[in-house]
Amino acid sequence: LGVLYDTFSELRIKQTDQENDIKNVCFICQMTRDDSLAKGIDFAQHCSKTHDLWNYVYFMIYLHMSDANKFDSVQSYVWDKMMEQNNCWIPRFQD
């Protein structure tokens, strides 16, 4: 019974941590809500407008559906990185 209780406790803690990350960390750049407050950035607007996940998804789909010979320089760069499975083109939060 103790093992069962410990297992459910671990699962509950893991789920709580995941929910906390979803609510308090930008999925794109990994900036936390606390970091955004320290920098005077509206966290909700940052996640919903500046780094809207769906804009990145739509852009990647657009590249897949387009002719690579007609890409501009930015599109070519991102396409090359995507083909290398390198996500360096996605912004990352720096302290």
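A residue is called buried when its relative accessible area is under 20%, exposed when that area is over 50%, and partly exposed in between. Keep those cut-offs in mind as we walk through this model, which is a predicted one.

Let's start in the loop between α1 and α2, where Gln30 sits. With a relative accessibility of 42%, Gln30 falls between the two cut-offs and therefore counts as partly exposed. Its backbone deserves a look as well: Gln30 is not a glycine, yet its phi is positive, at about 70°. For context, most residues other than glycine have a negative phi. A second residue of this kind is Gln85, again not a glycine, with a positive phi of about 55°. Gln85 belongs to the segment after α5. Because its relative accessible area is 76%, Gln85 is exposed.

Back to the loop that joins α1 (2-24) to α2 (33-38), for this is also where Phe27 lies. Phe27 reaches 61% relative accessibility, so it counts as exposed. This side chain has company on the surface: Phe27 forms a nonpolar patch there with Leu53, Trp54, Tyr58, Ile61 and Met65, and together they have about 730 Å² of accessible area.

Phe27 also leads us to helix α3, by way of Cys47. The C-alpha atoms of Cys47 and Phe27 are 7.7 Å apart in space, with their positions 20 residues apart in sequence. Cys47 has its place in α3, and its relative accessibility of 24% is why it counts as partly exposed. Setting aside residues up to four places away in sequence, Cys47 touches Cys26 and Asp52.

Is His46, in the same walk through α3, buried or exposed? His46 is in helix α3, which covers residues 43-50. Its relative accessibility is 8%, so His46 counts as buried. What surrounds it? Leaving out neighbours within four places in sequence, the contacts of His46 are Cys26, Cys29, Met31, Ile41 and His51.

Next comes helix α4, and Tyr56 is a good place to enter, since it lies in that helix. At 17% relative accessibility, under the 20% limit, Tyr56 is counted as buried. Once neighbours within four places in sequence are left aside, Tyr56 is in contact with Ile28, His51, Trp89 and Pro91. A C-alpha to C-alpha distance tells a related story: Tyr56 and Ile90 are 8.6 Å apart in space and 34 residues apart in sequence.

How are α4 and α5 arranged? In general, two packed helices are described by the angle between their axes and the distance between the axes. Here the axes of α4 (residues 53-65) and α5 (residues 73-83) come within 11 Å of each other, crossing at roughly 90°. That angle is why α4 is described as roughly perpendicular to α5. On the α4 side, Phe59, Met60, Tyr62, Leu63 and His64 take part in the meeting, and on the α5 side Gln75, Val78, Trp79, Met82 and Met83.

Leu63 is worth picking out from this group. This residue of helix α4 has a relative accessibility of 0%, so it counts as buried. Beyond its neighbours within four places in sequence, Leu63 is in contact with Phe71, Gln75, Val78, Trp79 and Met82. For a sense of scale, take Ser36, which is 27 residues from Leu63 along the chain: their C-alpha atoms are separated by 31 Å.

Which residues form the salt bridge with a closest N and O separation of 3.6 Å? The pair is Lys81 and Glu84, and the structure holds one salt bridge. Lys81 has 17% relative accessibility and for that reason counts as buried.

Our last stop is Asp35, found in helix α2. Because its relative accessible area is 24%, Asp35 is partly exposed. Asp35 and Gln94 are 59 residues apart in sequence, while their C-alpha atoms are 9.9 Å apart in space.

Notes: Residues numbered from 1 in each chain as written. Predicted model: local features only at pLDDT ≥ 70, side-chain atom pairs only at ≥ 80, totals over all residues. Heavy atoms only, no water. Patch = residues over 30% accessible without salt bridge, like charges linked within 9 Å, V, L, I, M, F, W, Y side chains within 5 Å. Areas by Shrake-Rupley, 256 points an atom, 1.4 Å probe, with all protein chains shown as cover. Salt bridge = Lys/Arg side-chain N within 4 Å of Asp/Glu carboxyl O. Helix = DSSP H or I, 4+ residues; strand = E, 2+ residues; numbered from the N terminus. Buried < 20%, exposed > 50% of the residue type's maximum accessible area, 1.4 Å probe, protein only. Axes fitted to C-alpha atoms, helices over the stretch in contact; angles between N-to-C directions. Parallel < 35°, antiparallel > 145°, perpendicular 65-115°, else oblique. Contact = heavy atoms within 4.5 Å.
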